[in-house]
Amino acid sequence: MFHQIQKDLTRMTLLYRRPDLLPMFERILFIWSMRHPGSGYVQDINDLLTPFFVVFLAEYTRVDLNTSVELSLQYAPESVHLDAVEADVFWCTSHLFDTIQDNYTFAQPGIQNKVSMLASLIERVDVNLHRHLVAHNVEFLQFAFRWMNNLLIRELPLRCIIRLWDTYMAERSGFSAFHVYVCAAFLLQFSPELQRQQEFPGLMLLLQNFPTYHWTDEDINLVLAEAFWLQSRFASAPHHLDYRRQTTLD
C-alpha cells in the first residue's frame, strides 16, 4: 500500500518542484488508509488532497500555480506552519473520505449508484441529450466514473475546484449527494456541443476534455445554481428518479 502511495505521489504535477513536501502527503494518505481497512488506499485519491493543501498553505505563504499546476511558493513556510497545514489537511481529507467511503469499498457501490442517478437525472431534465448519448452507445459509466471518483478535480481548474468544494463543505451531504446534481448541471452546460457530435469518438473526446481551462468563479456559480435547482426538484422525491441500485461494476 505504501509503495502505491509513493508511486502516485511521484506523478503529482503539483509536487514536481517541491519534493520536500512529499512526506506530508505520504503520512496523510498512509494514516488514513490504515485507519480505514474497509477501503484502504485507492489509486489516484491522492489528487483529492490538493485543494485543501493549497488553501491551508496560502495562510502562510503566497501560493502561485502556473499553467501546468506546479506549486510555486514565494517563500518557504516554517516547519511549524507546515505541521499546522498537515493537521488541517488531514482533518478535511478525513471528513471528505468519510462521506464517500462507499466509493472506494469493494466493487465501489457508491460510484455505481451515483452514475446511475446521474443518468436518470439527465433523462428527466434533458431527454434529447440522453437519447443522443444512448443512440451513439455512450454509457454514463464511461465518462462519469472519473467525475465521481475524483470529484471533478480533473475536469476543472484548481481555482474552480476550490470554489466548488467550499460549497460542498458547507452542504450537509456536499461530497456525496449534492455532487451528483453538480455533475448533472456540469454536463448540461455542454448539451448543445454534445448533440452536435455525430460519432462516438467525438462524443467521448468532448466528454473527457470539456473546455473549462478558462473557467472562473462565475462559471462555477452558474453550475451551482443549476445544481441547487435540480436538488430542490428531485432530492425530496427520489422515486422520480427511476434508477436501479447496483452493487457491482459492469
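The pLDDT is the predictor's confidence in each residue, on a scale from 0 to 100, and helices (H or I, at least four residues) and strands (E, at least two) are DSSP runs numbered from the N terminus. This is a predicted model, in which local features need pLDDT of at least 70 and side-chain atom pairs count only at pLDDT 80 or more, while totals for chains, interfaces and linings use all residues. Residues are numbered from 1 along each chain as its sequence is written, and side-chain values use heavy atoms, with hydrogens and water left out.

The mean pLDDT of the protein is 86, with 89% of its residues at 70 or more. Among the elements, helix 10 (residues 191-196) has the highest mean, 97, and strand 2 (residues 71-73) the lowest, 55.

Helix 2 offers a good place to start a closer look. Its 14 residues should span 20 Å at 1.5 Å a residue (the expected span being 1.5 Å times one less than the number of residues), and this agrees with its end C-alpha atoms, which are 20 Å apart. Leu22, Met24, Phe25, Glu26, Ile28, Leu29, Trp32 and Ser33 are the buried residues of helix 2, where buried means under 20% relative accessible area, exposed over 50% and partly exposed in between (1.4 Å probe, protein chains only). These buried residues pack against helix 1 (2-10), helix 3 (50-57) and helix 4 (79-99).

Two residues other than glycine have positive phi values, and both lie in loops. Asp44, between helix 2 and helix 3, has phi near 85° and is partly exposed at 21% relative accessibility. Leu152, between helix 7 (140-150) and helix 8 (158-170), has phi of about 70° and is buried at 1%.

Note on methods. Contact means heavy atoms within 4.5 Å.
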